[in-house]
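Visitor: I would like to learn how to read helix packing and pockets in a model. Could you walk me through it?

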Amino acid sequence: MPSLVYMLVHDNLADRDKNWAAFSADPEWKKLSPGAVQPWLDEARLLNDAGRDAKALEVLRAASRKFDDSTEVVTALANACIQAGKAEEAEQAYLGLYEKSQDNAVRLRLLGPLAYAAQSR
């Protein structure tokens with residue numbers, strides 16, 4: 001699959017972060033790369049950084065519906081749920097990943113977060 005790479009120069013790190021935030025939060029990015037999870041994860045992170053945790057959770061829920069086979073998205077959703085005090089939703093997300101996985105190593109890695117979510121209920 002072709003990829004597009006930009007090389008940009010910024011005066012300082014604050015400018016770089018501000019410009020990156022504006023770029024990655026642009027909904028057009030999702031349209032241009034409909035199969036990519038990264039725009040969704042970046043948007044949720046930026047919302048979380050801005051203190052808009054509920055909106056970040058909405059974005060991650062939408063991403064998990066769109067990319068239900070993405071361990072990265074579902075894990076991000078589960079972690080956000082734990083932080084938001086929604087341990088039951090986190091447990092369901094981790095359990096879904098556990099049940100879908102055929103890889104025993106992945107299943108072993110999921111046991112810790114799954115147990116933590118269950119204990120947090």
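Guide: We will look at a helix pair, then a charged residue, then a pocket. Please keep in mind that this is a predicted model.

Visitor: Gladly! How do α3 and α4 cross?

Guide: Start with the angle between the helix axes: over 145 degrees counts as roughly antiparallel. Here the axes of α3 and α4 cross at roughly 165° and come within 7 Å, so the two helices are roughly antiparallel to each other. Their crossing is left-handed.

Visitor: Which residues make the contact?

Guide: From α3 come Trp40, Leu41, Glu43, Ala44, Leu47 and Asn48. On the α4 side, the residues include Asp53, Val59, Leu60, Ala63 and Lys66. Sorted by class, the contact of α3 with α4 has nine nonpolar, one polar and four charged residues.

Visitor: Which residues does Lys30 touch beyond its neighbours in sequence?

Guide: Leaving out residues up to four places away in sequence, Lys30 touches Pro39, Trp40 and Glu43. Lys30 itself sits in helix α2, residues 27-32. Between Lys30 and Glu43 there are 10.0 Å from C-alpha to C-alpha, and they are 13 residues apart in sequence.

Visitor: Now the pocket. How much space lies in the second largest pocket, and what lines it?

Guide: The second largest pocket holds about 240 Å³ of space. It is lined by 13 residues, and Asn48, Leu60, Ala76, Ala80 and Gln83 are the closest to its centre. Helices α3 (38-49), α4 (53-66) and α5 (71-83) each supply at least two residues of this lining. By class, the lining has eight nonpolar, three polar and two charged residues.

Technical notes. Residues numbered from 1 in each chain as written. Predicted model: local features only at pLDDT ≥ 70, side-chain atom pairs only at ≥ 80, totals over all residues. Heavy atoms only, no water. 1 Å grid on protein atoms, 1.4 Å probe; cavity = no way out; pocket = protein on both sides within 12 Å on 5 of 7 lines; lining within 4 Å. Points joined across faces, edges and corners; volume = space filled by probe spheres on them. Helix = DSSP H or I, 4+ residues; strand = E, 2+ residues; numbered from the N terminus. Nonpolar A, V, L, I, M, F, W, Y, C, P; charged D, E, K, R; others polar. Contact = heavy atoms within 4.5 Å. Axes fitted to C-alpha atoms, helices over the stretch in contact; angles between N-to-C directions. Parallel < 35°, antiparallel > 145°, perpendicular 65-115°, else oblique. Left-handed = near helix turned anticlockwise from the far one by under 90°.
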